[in-house]
Amino acid sequence: MNAPLVHAPQPTRPEPASAPAGPAREVRREVLGRTPEGRSIEAWVLGGRSAELRIAAIGGQHGDEPWGSEAVRRWWGGRAAGTRAPEADADVGIAAIPSLNPDGAARHTRRNALGNDLNRDHLLLENPETRTLHRFLRAYRPHLVVDVHNYPARRRHLLARGWEIDPDVQVGTPTHPAVRTSLGVPEVEELYSALGTSLARAGYRSGRYTLFRPSGRSRPGTQHVVDARNGIALRYGIPTVLLEGRDPGRGGTESDRERTVTAQQRALEAVEAWARDHRSVLVRGPPIPRREEPVAVDAGWGPGASTPEFVFRRTSSGDRVSVPWPAHRGEVLVRSSVLLPRAYAVRADLVAAHRVLADHGFEGDRDAPGPRALVEVPRTGTSRDRGLLPHAIPPEEFDLDGYVVYSVHQWGGRALAVWLEPSSRYGLARWDLLGETPAPGHRPAVVRVVGGGYPVPPVPPPGLEPGQRRPGAWGEGATPPPFPGRAERPPIVETNLLRFAEPAGAPAP
Ligand SMILES: [Zn+2]
């Protein structure tokens, strides 16, 4: 096992496509990579890595949603030309990837040329487009990412009741409870409020992103960590915003299409303005993982405390009607959580799993120091397990030879729990990338490293240079304290993006 399994991803060389506009404002277009059919994926960048606050917008993950792409182009173009946000200063950088799926755009399909939905590929990174995007995000290190789409307003089961979905723009934020960013609930509420106000002032209607299912249930989108808003937020610990513009549809007029594009452009400008107002919070970057903090690896939706009302448009008259929706599932229920260890060790022969982690930029250490580490063998379970997964087996000494160790104390290291825990609903085990369930005596695919003096690896969170550590950062102390008994563990209710319910079967605090 001499060949390195873990290596740095190879970046494609940027190709400057336009001259810088001036010394203070760096404007460039880069070809980040190529699609399966050889089309270029471009980033348009205004202000470089040195900009204090950096915002990135992604358009066109779905090739049949051209209006969102156009809105991203206009937003960036207006800012680059200086015709928008004239108060813009040099210390705010914006980057646009207007068309992540140009192959799909060329044939007007949701999926890419390989037949894959890119917005379901932010975990395995099986497509060149998503790998290219994530490589760019790690290089540019935005503080906020906006993912721009178009939603179908006319759904058959709603049309049957004489309604179509109304808002010009639906807005969403991450919904998976494992996501931790610098934002708290008040800042996220302010974001929704600021966007709503700004859009209303410009004559557009907005609402929170909601899926209305044929079953009659509705919910704030999905919790898939494989989509961009959850996957990027989880992997990098940065806030994300989903903007879904109303798809003007086949029967839409030129004026309908223009309305969708301008509404989304306005929403992008409003997000940018909100970010400027909250820059001190955003530039703080992702929170450092706390020792033994709980990380949700499975979650679902439950009924909220109240019945929300949604505004629909009557197809007959175009009038608006406000409808109470008692079957709204608006509350996030954490189904199972784990306490974050210091590191995860993954058996070195699981090549495909290491490739996914390398594509995500995670750094692994093949040369674990010393033969003995203190580890736990995660209980192998399924998402049907509920509550905090017990650390059933007491930490034991373990020989890490033949394992690659991934510290959670690297950028976005909390995500490793969701990626690697065998019981994670979206973990690599679900795709069989962690191999078979080991028989007794076999070396397990993944173990949690909880002690044994394992050192902090050299990858700092954003804002810190290599070698720099925050005072009190994890791993600086000597021996970790013993694991608390089950009854002493914290309830899993805190979050930054939504208010979560207690997990079913959680221990009493
Ligand atoms: Zn879409």
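**View 1. The packing of helix 5 against helix 7 in a predicted model.** Two packed helices are described by the angle between their axes and the distance between the axes. Here, helix 5 (residues 185-201) and helix 7 (residues 254-277) pack at an angle of about 135 degrees, and their axes are 9 Å apart. Helix 5 is therefore oblique to helix 7. The crossing of helix 5 past helix 7 is right-handed.

**View 2. The residues at the contact of helix 5 with helix 7.** Helix 5 contributes Leu191, Ala194, Leu195, Ser198 and Leu199. These meet Ala263, Arg266, Ala267, Ala270, Val271 and Trp274 of helix 7. The residues of this contact comprise nine nonpolar, one polar and one charged.

**View 3. The open sheet of eight strands.** The strands follow the order 1-2-4-3-5-11-7-8, and their pairing is mixed. Strand 1 (27-34) and strand 8 (206-208) are the edge strands, each pairing on one side only. From one strand to the next, the twist averages 25 degrees.

**View 4. The pairing of strand 7 with strand 11.** Strand 7 (residues 169-172) and strand 11 (residues 240-247) run antiparallel and are joined by four bridges. Valine 169 has glycine 245 in strand 11 as its bridge partner.

**View 5. Helices 3 and 7 against the strands.** Helix 3 (residues 128-140) lies across strand 1, strand 2 (40-46), strand 3 (53-59) and strand 4 (92-97). Helix 3 runs at about 140 degrees to strand 1. Helix 7 packs on the sheet, where it touches strand 3, strand 4, strand 5 (144-152), strand 7 and strand 11. The direction of helix 7 makes about 165 degrees with that of strand 11.

Definitions and conventions: Residues are numbered from 1 along each chain as its sequence is written. This is a predicted model: local features need pLDDT of at least 70, side-chain atom pairs count only at pLDDT 80 or more; totals for chains, interfaces and linings use all residues. Axes are lines fitted to C-alpha atoms, for helices over the stretch in contact, and angles run from 0 to 180 degrees between N-to-C directions. Helices (H or I, at least four residues) and strands (E, at least two) are DSSP runs, numbered from the N terminus. Angles under 35 degrees count as roughly parallel, over 145 as roughly antiparallel, 65 to 115 as roughly perpendicular and the rest as oblique. A crossing is left-handed if the near helix is turned anticlockwise from the far one by less than a right angle, and right-handed if clockwise. Two residues are in contact if their C-beta atoms, placed from the backbone, lie within 7 Å. Ala, Val, Leu, Ile, Met, Phe, Trp, Tyr, Cys and Pro count as nonpolar, Asp, Glu, Lys and Arg as charged, and the others, Gly among them, as polar. Two strands pair if DSSP finds at least two bridges between them.
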